[in-house]
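Let's take a walk through this fold together. We'll begin with a single residue and work outwards from there.

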Amino acid sequence: MLSAPAEAAAPAAPAGDVIGLLAWAHFLNDGAANYLPGILPALLAALALPLRDAGILVGFLIAFQALQPFAGILADRSNARVMITLGLAGSSLGAAWIGWASNAQALIGALVVIGICNTLFHPPALTGVRRLAAGSGENATAVFLVGGEVGRGLWPLLAGIVVTAWGLHALWVLALAAIPTLPLLWSRVPVRMHPAARTGAWRGIREAGQPLRMVIVYSALRATQITGVSAFVPLLWEARGGKLVAGAGLITTMLVTGIIGNLGAAALARHWGRRPLVIVNTAAFTVLLAVFLLASGIWLWITMALLGIAVFATLSLTVLMCQDQLPRNPSLGSGLALGFSNALGAGLVAALGLLAPLWGPEGVLWTFVVCGAPAFLFAFALPADAPPPTTHHSPPTTATQSLSSS
């Protein structure tokens, strides 16, 4: 941990500028870490891997997010700037490496690098955005998450275009945008994103009890649906005779329209509350996924767009719920709501992916519709909205001064 004089020597930047920079870094990080589904058919063919490995590879990519709670504990106590900068650098390097993987072992090595570095990036960045906003954080968190959604949405399509035009080896060009971003992060992101936690992390988890567990279980079921759709829709498209870029485009449609859901939920949550919005959108996503599997033509694209709005409307709300359950360890809360839950969902996707040779991509996708039923039930058990922050967060002036001095 850096000493106070060392932290004070770091240059300060306006809070809005830093939030925007972190949203841009989130775009690059999540794009680099999530374009795999868009090129999965080409990658399986190039490495002569069977269809059953599709879910395993996507699951492997996300499995390391299970370490995000530990990264969150570290972020609450140490140098956030190093974690965020190193996270983006490593994710970008791993993304470039995928294109040069000549066998399954090399590909897994790239996925390990991406998974670990992606894990380092998220907890301190999410906590910092909420602290910089000096409030409940719905709008700032939504803006940050939108950056990641656009990255996850555009990069599968961009990767598909690059691979179609120049081959897998050319994927390194997608990592170039990170090069000028890294020094900006190092110069503008505060050293500390949160005052040092004075309560043990595991004690905080025990005190949070069932409400925290409900958020984690719900988030894992939602992650199963998102990851499953991202992994198997391009394979379904190819199985029906479609081309690589169009299959990736469907995923791009879902993830980019998620911007509407995320920003809209941030605005509506102040009037309707977080839990009612989560319940409604969970039901909508499940129904729309079933409709997508029965649809054809233009309705595939329309339904996929609506899917993105519904599922990503819940994302920022559950992150804030989890942070509210761990007010003294908010980075840990971020890690549990996103990384750990995503890893649980990825594990289920990998297991269900083993059924792909028997059921085909469409059969596996129907299992993710089934996952919607327990997700809907658990949504009713999510914690109600927290009261306006008092002891949960430092007053805005104190938070701003603390971050400005970093």
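Leaving out neighbours within four places in sequence, valine 215 is in contact (heavy atoms within 4.5 Å) with Thr318, Met321, Cys322, Leu382 and Pro383. Keep in mind that this is a predicted model, where local features need pLDDT of at least 70, side-chain atom pairs count only at pLDDT 80 or more, and totals for chains, interfaces and linings use all residues. Residues are numbered from 1 along each chain as its sequence is written, and side-chain values use heavy atoms, with hydrogens and water left out.

Valine 215 sits in helix α11, residues 210–239; helices here are DSSP runs of H or I, at least four residues, numbered from the N terminus. Valine 215 counts as buried because its relative accessibility is 0%, and buried means under 20% relative accessible area with a 1.4 Å probe, protein chains only. Its C-alpha atom is 8.6 Å from that of valine 319, even though the two are 104 residues apart along the chain.

Now for the largest nonpolar core, a set of buried Ala, Val, Leu, Ile, Met, Phe, Trp, Tyr and Cys residues joined through side-chain atoms within 4.5 Å. Among its 111 residues, Leu22, Ile98, Leu171, Val229, Phe232 and Phe292 touch the most other members. Helix α11 gives this core its largest share, 13 residues. As for isoleucine 98, its contacts beyond four places in sequence include Tyr35, Leu107 and Leu171.

Last stop: helix α16, residues 330–353. Since 18 of its 24 residues are buried, α16 is largely enclosed by the rest of the structure.

Methods. Helix = DSSP H or I, 4+ residues; strand = E, 2+ residues; numbered from the N terminus. Buried < 20%, exposed > 50% of the residue type's maximum accessible area, 1.4 Å probe, protein only. Expected span 1.5 Å × (residues − 1).
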